[in-house]
Amino acid sequence: MLANIALIVLCAWTVVSAFFVVASKNLVHGVFWLAAMLLNTAVIYIALDAPFLASIQVILYTGGVITMMLFGVMLTLRQSGTIIPNPSQHSPGRATVAGLFGLTMLWAIWTTPELAAMTPTTSGSADEIGKLFLGQYMIPFEALSVLLLAGMIGAIVLARKGDA
Amino acid sequence: MMDIRIFLSLAVVLFTIGVYGVLTRRNAVGILLSIELLANAVNLNLVAFGHFGAGAVGQVFALFSVALTVTEVIVGLAIVVLLYRTRQDITVDLASEMSR
């Protein structure tokens, strides 16, 4: 019972922080709301029996990506101080597109009998994940490392000063 | 209570909020933040399906997705910095004028 309440509070808090990522007027606040959302998701991963992925989420996302985002905000700063306007262009058409998508997906989820029949099993330990990465998914794993290198070189070439 | 539909619904709500953010934000970094919401919703789906049947494969795919998203953020921010250097402004409407 206590776990159910905790899960509901967690889900609600995740949605609230996601909402403020999109709604906050100050871009820096948006970045910190995103950090809150990512940490909440990490806790949900623990609830889903995936502690390894939860730790990756905290290290890589809330540690790495949020820092990169703050760098991006501060590098593209025109005024001093920490109030950076983050304008939005709200329109009924855009809300309808997003809302219709969400409602369709929710309808699909709650009317599919196969999903209701699913029961929790084990998620797999870090041990199993490592064996899969260096076994069955070896080639995608290596391709991913090449992609990371390419992305890194691409970012340096794009962002360097001089004859870009 | 451990029903997969709760987690899938949460992911859909996060994705919808992210889609609305991508459509309405005018600041390039704001759009990148919304894209992070989308990627996070997808990861949540992968982990949920991993827990409800697929096993460790779900987490393997989620880790692939995390690495792809991080690469995308790096390149995206490099483009934002480049945009700022050429235009002194990162509002995307001005950037679309540039392409004409």
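Is Ala54 of chain A buried or exposed? Ala54(A) is buried, because its relative accessible area is 4%, and the cut-off for buried is under 20%. Before I go on, please keep in mind that this is a predicted model.

Let me stay with Ala54(A) for a moment. It lies in helix H3 of chain A. Leaving out residues up to four places away in sequence, Ala54(A) touches Ala42(A), Tyr45(A) and Ile46(A). Take Ala42(A) from that list: it sits 12 residues away from Ala54(A) along the chain, yet the two C-alpha atoms are separated by 4.5 Å.

Now to the loop between H2 and H3 of chain A, where we find Asp49(A). Asp49(A) is not a glycine, but it has a positive phi of about 65°. As background, most residues other than glycine have a negative phi. With a relative accessibility of 35%, Asp49(A) counts as partly exposed.

Next, helix H1 of chain A. I picked two residues from it. One is Thr14(A), which is found in this helix. What is its relative accessibility? The value is 0%, so Thr14(A) counts as buried. Its contacts, again without residues up to four places away in sequence, are Met37(A), Asn40(A), Thr41(A) and Ile44(A) from chain A, together with Leu10(B) and Leu14(B) from chain B.

The other residue is Val22(A), also placed in helix H1 of chain A. Val22(A) has a relative accessible area of 5% and is therefore buried. With the usual exclusion of residues up to four places away, Val22(A) touches Ser88(A), and from chain B it touches Ile17(B), Tyr20(B), Gly21(B), Arg25(B), Ser34(B) and Leu37(B). From Val22(A) to Trp33(A) is 11 residues in sequence and 9.2 Å in space, C-alpha to C-alpha.

Those contacts bring us to the interface. How many residues of chain A are in contact with chain B? There are 84 of them, and they meet 72 residues of chain B. Between them the two chains bury about 7,100 Å², with 76% of that on carbon and sulfur atoms. The rule finds zero salt bridges across this interface. It does find 11 residue pairs in polar contact there, both residues being at pLDDT 80 or more. On the chain A side, helices H1, H2, H3, H4, H5, H6 and H7 each supply at least two residues that touch chain B. The largest share, 12 residues, comes from H3(A).

Let us look at H7 of chain A, residues 138-159. This helix has 22 residues, so at 1.5 Å a residue it should span 32 Å, and its end C-alpha atoms are indeed 32 Å apart. Leu144(A), Gly151(A) and Ala155(A) are buried in H7(A). Seen down the helix axis, the buried residues fall within an arc of 30°, so they line one face of H7(A). On the other side, Ile139(A), Val146(A) and Ile156(A) are exposed. What covers the buried residues includes helix H3 of chain B, residues 56-87.

That partner helix can be checked in the same way. H3(B) has 32 residues and reaches 46 Å from its first C-alpha to its last, close to the 46 Å expected at 1.5 Å a residue. Just after H3(B) comes Gln88(B), with a positive phi of about 60°.

Last, the salt bridges. How many does the rule count over all chains? The count is two. As a reminder, side chains of opposite charge can pair when their charged atoms come close.

One salt bridge joins the side chains of Lys131(A) and Asp127(A), at 3.4 Å from N to O. These two are four residues apart in helix H6 of chain A, so about one helical turn separates them. Lys131(A) counts as exposed, because its relative accessibility is 59%.

The other salt bridge is in chain B, between Asp3(B) and Arg5(B), whose closest N and O atoms are 3.0 Å apart. Are these partners buried or exposed? Asp3(B) has a relative accessible area of 18% and is buried. Arg5(B), with 16%, is buried as well.

To close, back to the interface: zero salt bridges by the rule, and 11 residue pairs in polar contact.

How values were computed:
Residues are numbered from 1 along each chain as its sequence is written. Chains are lettered from A and ligands numbered from 1 in the order in which they are written. This is a predicted model: local features need pLDDT of at least 70, side-chain atom pairs count only at pLDDT 80 or more; totals for chains, interfaces and linings use all residues. Side-chain values use heavy atoms; hydrogens and water are left out. The expected span of a helix is 1.5 Å times one less than its number of residues. Buried means under 20% relative accessible area, exposed over 50%, partly exposed in between (1.4 Å probe, protein chains only). The arc is that of the directions from the helix axis to the C-beta atoms. Contact means heavy atoms within 4.5 Å. Buried area is the accessible area (1.4 Å probe) that two parts lose on being put together, summed over both. A salt bridge is a side-chain nitrogen of Lys or Arg within 4 Å of a carboxyl oxygen of Asp or Glu. A polar contact is a pair of N or O atoms within 3.5 Å; within protein, one must be able to donate a hydrogen and the other to accept it, and residues adjacent in sequence count only if both atoms are side-chain atoms.
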